Amino acid sequence: MPRSVTSRPLTKTAARRIWLRAQRLDSPAPFGEGPQATAAAVSHLGYVQIDTINVIERCHHHILWNRIPEYRRADLRQAQSVDKSVFEYWTHALSYVPAQDFRFFAPAMKRHQREGHKWLTSVKPADLRKVLRLIRRDGALTIRDIDDDVLVDKEHLWASRKPSKRALQLLFYTGVLTISERAGMLKTYELATRHFGWDKPPKPASARETTGYLLDRALRAQGIVSVDSICHLDAPSKPAVRRLIDARVRRHELVPVALEGAGKQEHWATPETLEMAGEGASEPVHILSPFDPLIIQRKRTELIFEYGHRFEAYVPKEKRVFGYFALPVLAGDAIVAALDLKTDRKGRKLLVQKWTWVGTARKGPRKDLKRRIEEELHRFERFQLAE
C-alpha cells in the first residue's frame, strides 16, 4: 500500500451493510423477475455456484431464489439454453457465469488445450475424436446417448468409468464444447461455436484485462474486498491483483479500509461505497444456501458476521453441530440461526430436522424473530415443491 495513504476505519456493522447491499440481499426483488432477472443476477454476482447435493433444492436455484422472489427454475433454463445469456464454467467451482464474460475464461480454456487437465490425464485422443465426430454429425448429446463405451477403472472418487464422459469433460474445459442444457445433473454438450452462433470464439482477454475483471467483479459483488476475497481459491492471481489494487489506491480509485477485527488483513473499497456505509439495512429474512456467495468464503463470513458456518454433510453424525445440511438464516444484517432442512418430496413437505440459534439470537426474546423465520420457511417450502 502506498505509504502516504491512511486507512479508513470501518465497523463490522457498516461492513455487513455494505456487503449485503453488494449482494442484493437488503431489498426485495432487486433484479425484477423472469429470465431477464436471472441473467441480471448472474451478471451482477459474477458467478452462481452449481452443486450436486439435492437434500433441498440445488444451490444454483436456491441462490437465485433468494434474490428473485418470483424465481422459477425454467428461468435459468431459458437464460442458459434459449437466450444464452449465461453459461457454465469453472470459477472456484463449477458455476453459472455471464456469457458476456466468456473471454475472461478463454485463457484457462487455451491452457487446458495446451496442457490438458489434472483431473483428466487418461483421456485418449481417440476418445476425443469419437465424441466430437458424434456431436458434429448428430448435434448436441448427453452421455446417455453414448452406449458403446468399454468401461475403465476410476482415477479418483468422482471420476467416471466411461471414457466418453471423460472426453466430454475435457472438451468442456478446453472450451470446444459447452453445456447447452441441464436437466438436474444430466448435461447436454454442444459445440460452443454452434451453441452461441459464433464463427469463432471471442478473443481471449489479456492477463491485465483478466486481473481487472477479477478485481471489478469482487468490488461489485462484495463491496469491501481483500486479496483473499478477490482471489478465492486462486492463489496464482494474487500478486497481479495486489499490484492493480496499489495502482488504483495511488489514483484514489480505491480507499484502504481498516476493518474492525481484521488485524493485519488489508481491505479496500471504492470511495462511493464508503459514502453509503452508514445507511441502515432493511430487515428481510433469507434462508441461505451454504454455497451462497455470502457464506462460501467461510473466513470472510466469520470475520464480518461473527458466524462460523460448518458444512457437515461429510462430518460423522456424532460430530455434527448444526446438522447434515444446515442453512444459515439471515435476518436484517445478522445471521441468527442455522436450520438443518430436508425436502420430503414424496410427502410434499419441508422437514426442519434441527434448529440452532446462533450469534446474538442465542440470548434474549426470540418470539417475533421465530415468527418471521417461520413465515420465510413456508415460502421456502412452496419454492421447494413447485414445478
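1. Gly 46 comes right after helix 2 and has a positive phi, near 95°. The model is a predicted one, and the angle should be read as a property of that model.

2. Helix 2 itself spans residues 35-45. Of its 11 residues, 8 are buried, so the helix is largely enclosed by the rest of the structure. The buried positions are Pro 35, Ala 37, Thr 38, Ala 39, Ala 41, Val 42, His 44 and Leu 45.

3. On the N-terminal side of helix 2, the loop that joins it to helix 1 (12-23) contains Arg 24. Arg 24 has a phi near 60°, which is positive although the residue is not glycine. For context, most residues other than glycine have a negative phi. Is Arg 24 buried, exposed or partly exposed? Its relative accessibility is 28%, so Arg 24 counts as partly exposed, the cut-offs being under 20% for buried and over 50% for exposed.

4. Glu 306 is another non-glycine residue with a positive phi, here near 55°. Glu 306 sits in the loop that runs from helix 13 (298-305) to strand 10 (326-331). Its relative accessible area is 54%, and Glu 306 is therefore classed as exposed, since the limit for that class is over 50%.

5. Arg 300 belongs to helix 13. Which side chain of opposite charge is nearest to Arg 300, and how far away is it? It is Asp 228, at 9.7 Å; Arg 300 is buried and has no salt bridge. The cut-off for a salt bridge is 4 Å between a side-chain nitrogen of Lys or Arg and a carboxyl oxygen of Asp or Glu.

6. A polar atom of the Arg 300 side chain does lie 3.2 Å from the backbone oxygen of Gln 222. Gln 222 also appears among the residues in contact with Arg 300 once neighbours within four places in sequence are set aside; the others are Trp 19, Ile 224, Val 225 and Ser 229.

7. Helix 6 (residues 125-138) and helix 7 (residues 163-173) have axes that come within 9 Å and cross at roughly 80°. The two helices are therefore roughly perpendicular. On the helix 6 side the contact is made by Asp 127, Leu 128, Lys 130, Val 131, Leu 132 and Ile 135. Helix 7 contributes Pro 163, Ser 164, Ala 167, Leu 168, Leu 170 and Leu 171.

Key. Residues numbered from 1 in each chain as written. Predicted model: local features only at pLDDT ≥ 70, side-chain atom pairs only at ≥ 80, totals over all residues. Heavy atoms only, no water. Helix = DSSP H or I, 4+ residues; strand = E, 2+ residues; numbered from the N terminus. Buried < 20%, exposed > 50% of the residue type's maximum accessible area, 1.4 Å probe, protein only. Lys, Arg positive; Asp, Glu negative; His and termini not counted. Polar contact = N/O pair within 3.5 Å; in protein donor to acceptor, adjacent residues only side chain to side chain. Contact = heavy atoms within 4.5 Å. Axes fitted to C-alpha atoms, helices over the stretch in contact; angles between N-to-C directions. Parallel < 35°, antiparallel > 145°, perpendicular 65-115°, else oblique.
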